[in-house]
Amino acid sequence: MAPGPAEQPPSGRPVGHQGMRVDIDERPAWAMNGFLALLVALALVVGALACFGSGVPAAGVALVVLAFFIATPLVVIQPGQTRVVQFFGRYVGTVRRTGLTWVMPLTTRRNVSVRVNNFETNALKVNDADGNPVEIAAIIVWQVADTAKATFAVEHYTDFVRVQSEAALRHVATTHPYDDPDGSGTSLRGSTDVVSQELAREVAERVVIAGVEILEVRISHLAYAQEIAQAMLQRQQASAIIAARERIVEGAVSMVEMAISRLEDEDVVRLDEERKAAMVSNLLVVLCGDQRATPVVNTGSLYT
């Protein structure tokens, strides 16, 4: 039967995580010191043995059943572990108390770890904002914060976190270029911290439905795809050479200006425009050349 108008999502608007149908939050479950329950169970067993010895088997059987009923809910919870307790399918709470603990009888307990986990995503091949294929991977550090959501809101929260992390990584990688030669914006290579923070926010938004918190996200692998790696390396080398040449020329011009200015201010030598141009040319050749200059000593007149 088709859903009624009230059950359909608004037109043109996806349901998304806000439309999840499992609306449950973690709450503490009733629990008590397990050693006390263990002592009671042992006392009942001793009483049952006494009943069997005194010829009252019916009372002994009843005490054994009661001891078994008390001892069954005993669980040992290690640090960093919890127990999600269900009573005939109904969620009654989560036990975070460590050690020997006695929970409600006739309940099922599911172990959920709240320890910090981490994993590295697969090296994904995606197109960056400029359309260049790149390979990118990230390390995701996460922890279960709400055991109820992790158990009941998603099928397998570990697989859910992994898949959503890779989806977020793929989306963030497509919104930034691999490199920004001008330095005017963000890039995957030059703005690693910014990209990591953006990726952490997006992953956190995607996995909050599973009761998971993202502690840290870091880019662990970033490179051009193999088919364009050589061409991009040559482009980077050319850009580096151009930038170095610009810096060399800028410094050389400043040094030539300073040399001519000091020669004229201190009246060391007076040069006409032609000789000044020749001097500027020679100095620029010496300062900007790749190889060491070989000086030529003129023993005659400047004009011969």
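This is a short dialogue on reading a predicted model.

Colleague: What does the secondary structure of the chain come to?

Modeller: Keep in mind that the model is predicted. The chain has seven helices and 10 strands.

Colleague: How many residues does the chain have, and what share is buried?

Modeller: There are 304 residues, and 32% of them are buried. The accessible surface of the chain is about 19,400 Å². Carbon and sulfur atoms hold 57% of that surface.

Colleague: What share of the contacts links residues 24 or more positions apart?

Modeller: Take the contacts with a separation of 6 or more. Of these, 69% are between residues 24 or more positions apart.

Colleague: Now the interior. Which residues have the most contacts inside the largest nonpolar core?

Modeller: A nonpolar core is a set of buried nonpolar residues joined through side-chain atoms. The largest one here has 35 residues. Ile140, Trp142, Tyr157, Leu199, Val207 and Ile214 have the most contacts inside it.

Colleague: Which elements each supply at least two residues of this core?

Modeller: Three are strands: S8 (124-127), S9 (133-144) and S10 (212-224). The others are helices H3 (147-152), H4 (157-173) and H5 (192-207). H4 gives the most, with seven residues.

Colleague: Where does this core lie with respect to domain 1 and domain 2?

Modeller: Look at which domains contribute. Domain 1 (32-112) and domain 2 (116-226) both give residues to this core, so it lies between them.

Colleague: How many residues are in the second, separate core?

Modeller: Eight, including Ala37, Ala67, Leu74 and Trp102.

Colleague: Back to the largest core. What does isoleucine 140 touch?

Modeller: Leave out residues up to four places away in sequence. Isoleucine 140 then touches Asn117, Asn118, Phe119, Thr121, Ser165, Ile214, Glu216 and Val217.

Colleague: Threonine 121 is on that list. Is threonine 121 buried or exposed?

Modeller: Buried means under 20% relative accessible area. Threonine 121 has 5%, so it counts as buried. Threonine 121 sits in the loop between strand S7 (117-120) and S8. Beyond its sequence neighbours up to four places away, threonine 121 touches Ala137, Ala138, Ile140, Ser165, Glu166 and Leu169.

Colleague: Next, valine 134. Where does it lie?

Modeller: Valine 134 is in strand S9. Its relative accessible area is 0%, so valine 134 is buried.

Colleague: Which residues is valine 134 in contact with?

Modeller: Set aside neighbours within four places in sequence. The contacts of valine 134 are Leu124, Lys125, Val126, Asp128, Tyr178, Leu188, Ala223, Tyr224 and Ala225. There is also a spacing to check in the viewer. Valine 134 and proline 177 are 43 residues apart in sequence. Their C-alpha atoms are 9.7 Å apart in space.

Colleague: On to charges. How many salt bridges does a search of the whole structure find?

Modeller: Seven. The cut-off is a Lys or Arg side-chain nitrogen within 4 Å of an Asp or Glu carboxyl oxygen. Aspartate 25 and lysine 149 form one salt bridge, with the closest N and O atoms 2.2 Å apart.

Colleague: Which parts does the pair of aspartate 25 and lysine 149 tie together?

Modeller: Aspartate 25 is in the segment before strand S1 (31-33), and lysine 149 is in helix H3. These parts are 124 residues apart in sequence, so the pair ties them together across that separation.

Colleague: What is the relative accessibility of aspartate 25?

Modeller: It is 44%, so aspartate 25 counts as partly exposed. Lysine 149, at 12%, counts as buried.

Colleague: Which residues are linked with lysine 149 in a network of salt bridges?

Modeller: Asp25 and Asp146. Lysine 149 forms a salt bridge with aspartate 146, the closest N and O atoms being 3.9 Å apart. Aspartate 146 counts as buried, at 15% relative accessibility.

Colleague: What does arginine 218 form a salt bridge with?

Modeller: Glutamate 216, with the closest N and O atoms 3.2 Å apart. Arginine 218 is partly exposed at 38%. Glutamate 216 is partly exposed at 37%.

Colleague: Last, the surface. Which residues form a nonpolar patch?

Modeller: Val45, Leu49, Phe52, Val61, Val64 and Val65. Together they have about 520 Å² of accessible area. Helix H1 (34-53) and helix H2 (57-71) each supply at least two residues of the patch. Valine 45 lies in helix H1. Valine 45 is partly exposed, with a relative accessible area of 38%.

Key. Residues numbered from 1 in each chain as written. Predicted model: local features only at pLDDT ≥ 70, side-chain atom pairs only at ≥ 80, totals over all residues. Heavy atoms only, no water. Patch = residues over 30% accessible without salt bridge, like charges linked within 9 Å, V, L, I, M, F, W, Y side chains within 5 Å. Areas by Shrake-Rupley, 256 points an atom, 1.4 Å probe, with all protein chains shown as cover. Helix = DSSP H or I, 4+ residues; strand = E, 2+ residues; numbered from the N terminus. Buried < 20%, exposed > 50% of the residue type's maximum accessible area, 1.4 Å probe, protein only. Contact = heavy atoms within 4.5 Å. Core = buried A, V, L, I, M, F, W, Y, C linked by side-chain atoms within 4.5 Å. Domains from an automatic or database assignment.
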